[in-house]
Amino acid sequence: MAETAVSPLIDRLLHLLTQEAKLLGGIHGEVADIKDELESIQSFLKDADAKAVAEQDIDEGVKTWVKQVREVAFHIDVAIDQYLLQVALHDPHPSGIRGTLQKTTHLLRTIIPRHNFAAKIQEIKASIQKINERSKRYGFQSTAQGSCSGARGISWNNDPRKDTLYLDNADVVGIESSIDELISWLVGGSPHRTVVSVVGMGGLGKTTLTKKVYDNQMVKGHFDCHAWISVSQSYKIEDLLRSIIKQFCEGRKELPSSGIDAMDEQLLVNKLRDYLQQKRYVVVFDDVWKIEFWDSIKHSLPDNQIGGRIIITTRNSEVANYCKKSSHVHVYKLQPLPRDKAWDLFCKRAFQFDFEGHCPANLEKLSHDIVEKCGGLPLAIVAIGGLLSTKEKNMFEWKNLHDSLGFEFGRNPHLSSVNKILSLSFEDLPYNLKSCFLYLGMYPEDYSINCIRLFRQWIAEGFVKEIEGKTLEEVAQEFLIELIHRSLVQVSEVKLDGKVRRCRLHDLLHEIVLQKMKDLSFCHVLLKQESSFEGLVQRMSVNKVSYNVLKGFKDKKIHSLLLFNLDELPKSFISPFFSNFKFLKVMDFEEAPLDHIPKDVGSLFHLRYLSLRNTKVKKLPKSIGKLQNLETLDLKQTLVSELPIEINRLRKLRHLLAYYHDYGLDFSLASQKGVKIQKGVGCLEELQKLYFVDLNHGGVDLVKDMGKLRQLRKLGVKNLSKETMRALCASIATMNHLQSLDIASISEDEIIDLQSISTPLQCLQRLYIKGHLEKFPDWIPKLQHLVKLGIYWSKLNEDPMKALQNLPNLLELEISRQAYNGEQLHIKIGGFPKLKILNLQFLNALHSLMIDQGALPLLEKFVIGRSPQLKEVPCGILHLRNLKELRFIDMHKEFEESLDPELGSHYWIIEHVPIVYLLHKVRTGFYDLEARILRSKHLIGS
């Protein structure tokens, strides 16, 4: 774990030496020496980490040495931040240095910070050299000497996973149906060699389930040869192959070939292939970590077309996917135990010798809370239940464990198995992913994390490095996907296109992450019950803490500050706040009780991420323009209506998000307001997201200026008029990377002509048009990658379905608010091949909706509403066999009566849909509907 402190620092020093060399002046050599010393220490740290994972003896001297390394890394990081800040203060316009006179002026201005930095560097260099010398006393080997590569496995004597191989049936709960399904895959199906992969997070019971299947008598009798191989993180392929051969021979009461222990890999592969020519085999590879493991064994277990089976248990779904290159594959994603089964297992363990296995009434509430915290993880339920079985059955003991569970994982021998097994996945991560993963622990327990918010924070922290051909955000998304594939992060919400919208940590992983963050000085989580903390810390997460407690944290050299669930942040506290946290890179005030940003915000030279989302802030100070490194400025749902012209100095800005949606108003062009920005915005050439811009301010010149923003991925504009329309079309045509476009006109009657966008926007995935269209733009049906389309107030006279139904990747379509003035909509056979959501509302002239059989084959959700002339249920709904949800909103009385389950003449049309809602407007505002659920026999109020 110590390596996570050093590796990012080496990257930073390398950047400083190459990209910022001119700032170092005469101390370039000293900084280079420190980098070299740290690289030397880094290789020893990997060995120390590996020994810690393998539980080899580590004495207190080594622990002290590792702590000293972390501390010196912290001091170097702070020294760099301090130096760059001082240089910026002494010479605020380094980009303007030109010519001999300017260079001389620059050197004179920065001589004091360079002198101070040089002295600090000399001091740090001496400390590092002493630390490096001490590393040799502890017998560490450099990774360059080949001592380890990645995380080592736990030795068998200390491996808690071995217990799962010897569980009694009484200790196994809730996997009966899983056993049956896996057995059917093994003894049935294709005669070709097939891989069955059991995937899930550590502690979920993959080994337990697979062992029960492997030992089943039907499985035993079906195969000629059987072998169980424990793989783990470190292995030699020759040893695995020898073990397979020996187990095969032992099971058939044969002697293995003489000389097998001396054979190399190729001879062993040939031996296995010959042996299995006419034999049906089953081999289990338990606990596979490396994605490329399949390449090591695929040739040794041939496809002899008589039903050979290979079972792989793994935490990483990519291990299973990799096998698909050359074999049939079944993937079984093991799920957590449901609540009732988790409760049964807990009671079996906690009360196995008391109360006849039942929980006493006075402990039920606390016991349910403890089980809930286990999140359906059998390993944790068994371990915690076992621990509680040794304690007195009273409220005090139960509550004590409940309140200190995270601490107990680190010290209680009963729970050490849970800590070890869950920690293995973390230790297997590369250092950059370790930092990304730990960052999730800064969010409160059970928090559903907005992935885009997380990506921007990772980037601001420097965890994400550029890869040619990809944006930093795309790389961050790949990092998250890898953490999900490794079963470390759970998906809590998915977008329509399959991308992850929100994610979370399992509660127990969250507890373990909190401990690791503390051990590494990665972050201090300040909770309600705390009033202070000691030691070095790089980040702070504040949850439910009084601002009075925060007053005590001055001059903290922290990088990130995340605030959650605070009751108040008065001006008297906020004003001096920024001077106390000068090294902040991430400052997240989302949903904080904040209505004021002081002028001092401009002093945060290192700040890269500033979120004021969902606060009451009304105005930004002009000093915001001093934040030279700012990448994200999030003003969503604030009261900021105009941005100062100084914003245009933020040349590194990537995301500028600013609008206010008044949810108390009915949806209209006026219910959502953009912000006024000043001319000169074209200087922000790194911008990827810009929304929403009020075009009523700045006019044609502003719109033309926006044409310089060639990196934009998302653009939203408000108050488009005839005057600005043509300039906007010309600017949009230059945005070759645009993926999302939201255009709203100044009024419902203002005609907007988008025809002049002559070149199709090849990357466009989301398009929203709010305004009167005289003609439907010809380029929209050519958008091959369009996923979502919304058309509002467009007053089209021609049926838009004809133009849109051949869009190959469209997943969601909304036509609403008088977007169409015709009487009939017709969706033809084969139309909308991938559409999942269709929303048709406020179409006052619509009389009939025709849906041909074979149209909308994948539609899952259908909304029809507020169209008074549509008095009959479209009979084409009968053909939509994939439909899961149907919503009718404020429809005509005759229409609703025809849907009555007992008397309705059209109930047969919608009878196949699992859930049907009838909704009615009950109040003004965005959330204005009350729902009734229509079921097979009953109309139920809800």
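Okay, so start with K434: its charged end sits over the ring of F426, 5.5 Å from the ring centre. There's another case of this at K718, where the charged end sits over the ring of F692, and here the distance to the centre is 4.3 Å. Please keep in mind that what we're looking at is a predicted model.

K718 also turns up around another lysine, K770. Where is K770? You'll find K770 in strand β21, which covers residues 766-770. Is K770 buried or exposed? K770 counts as buried, since its relative accessibility is 8% and the cut-off for buried is under 20%. And what is K770 in contact with, if we leave aside its neighbours within four places in sequence? Here's the list: L669, Q672, K718, D742, I743, A744, S745, Y792 and W793.

Let me step back for the overall picture. The protein has 942 residues, and 54% of them count as buried. In terms of elements, we have 30 helices and 32 strands. Then look at contacts between residues at least 6 apart in sequence: 64% of those join residues at least 24 apart.

Now the rings. How many aromatic pairs does the count come to? It comes to 23. One of them is Y439 with F463, an edge-to-face pair, with 5.9 Å from centre to centre and 75° between the planes. Y439 belongs to helix α20 (residues 431-440), while F463 is in the loop between α21 (451-461) and α22 (472-485), so this pair ties together parts that are 24 residues apart in sequence. Both partners are on the buried side of the cut-off: Y439 has a relative accessible area of 0%, and F463 has 8%.

Next, scroll along to F888 and F895. That's an edge-to-face pair too, at 5.0 Å centre to centre with 65° between the planes. F888 is buried, with a relative accessible area of 0%, and F895 counts as buried at 0% as well.

Rings can also link up into a group. Which residues do ring pairs link into a cluster? They are W343, F346, F351, F355 and W398.

On to the cysteines. How many disulfides does the count come to? Zero. Take C359 as an example: it's in no disulfide, and the nearest cysteine sulfur belongs to C347, 5.4 Å away. The cut-off for a disulfide is 2.5 Å between the sulfurs, so you can see why the C359 and C347 sulfurs, at 5.4 Å, don't make one. C359 is buried, with a relative accessible area of 13%. C763, on the other hand, is partly exposed, and its relative accessible area is 31%.

Let's turn to the sheets, and please rotate the model as I go. Five strands make up an open sheet, and reading across it the order is β2-β3-β4-β1-β5, with parallel pairing. Which strands are at the edges? Those are β2 (225-232) and β5 (328-333), each of which pairs on one side only. From one strand to the next, the twist averages 15°.

Zoom in on β2 and its partner β3, residues 281-288. These two pair in the parallel sense over seven bridges. If you want a residue to click on, try A227, whose bridge partner in β3 is V283. Helix α10, residues 237-251, packs on the sheet here and touches β2 and β3. The direction of α10 makes about 150° with that of β2.

What about the other end of the strand order? Helix α7, residues 176-187, lies across β1 (194-199), β4 (309-314) and β5. Relative to β5, α7 runs at about 175°.

The last stop is another open sheet, this one of three strands. Its order is β6-β8-β7, and the pairing is antiparallel. At the edges we have β6 (449-450) and β7 (490-494), each pairing on one side only. β6 pairs with β8, residues 500-504, in the antiparallel sense over two bridges. Which residue is the bridge partner of N450 in β8? That would be R502.

That's my tour, so let's open it up for discussion.

Definitions and conventions
Residues numbered from 1 in each chain as written. Predicted model: local features only at pLDDT ≥ 70, side-chain atom pairs only at ≥ 80, totals over all residues. Heavy atoms only, no water. Pairing = 2+ DSSP bridges. Helix = DSSP H or I, 4+ residues; strand = E, 2+ residues; numbered from the N terminus. Axes fitted to C-alpha atoms, helices over the stretch in contact; angles between N-to-C directions. Contact = heavy atoms within 4.5 Å. Phe/Tyr/Trp six-rings, centres within 6.5 Å; stacked < 30°, edge-to-face > 60°. Buried < 20%, exposed > 50% of the residue type's maximum accessible area, 1.4 Å probe, protein only. Lys NZ or Arg CZ within 6 Å of the ring centre and 35° of its normal.
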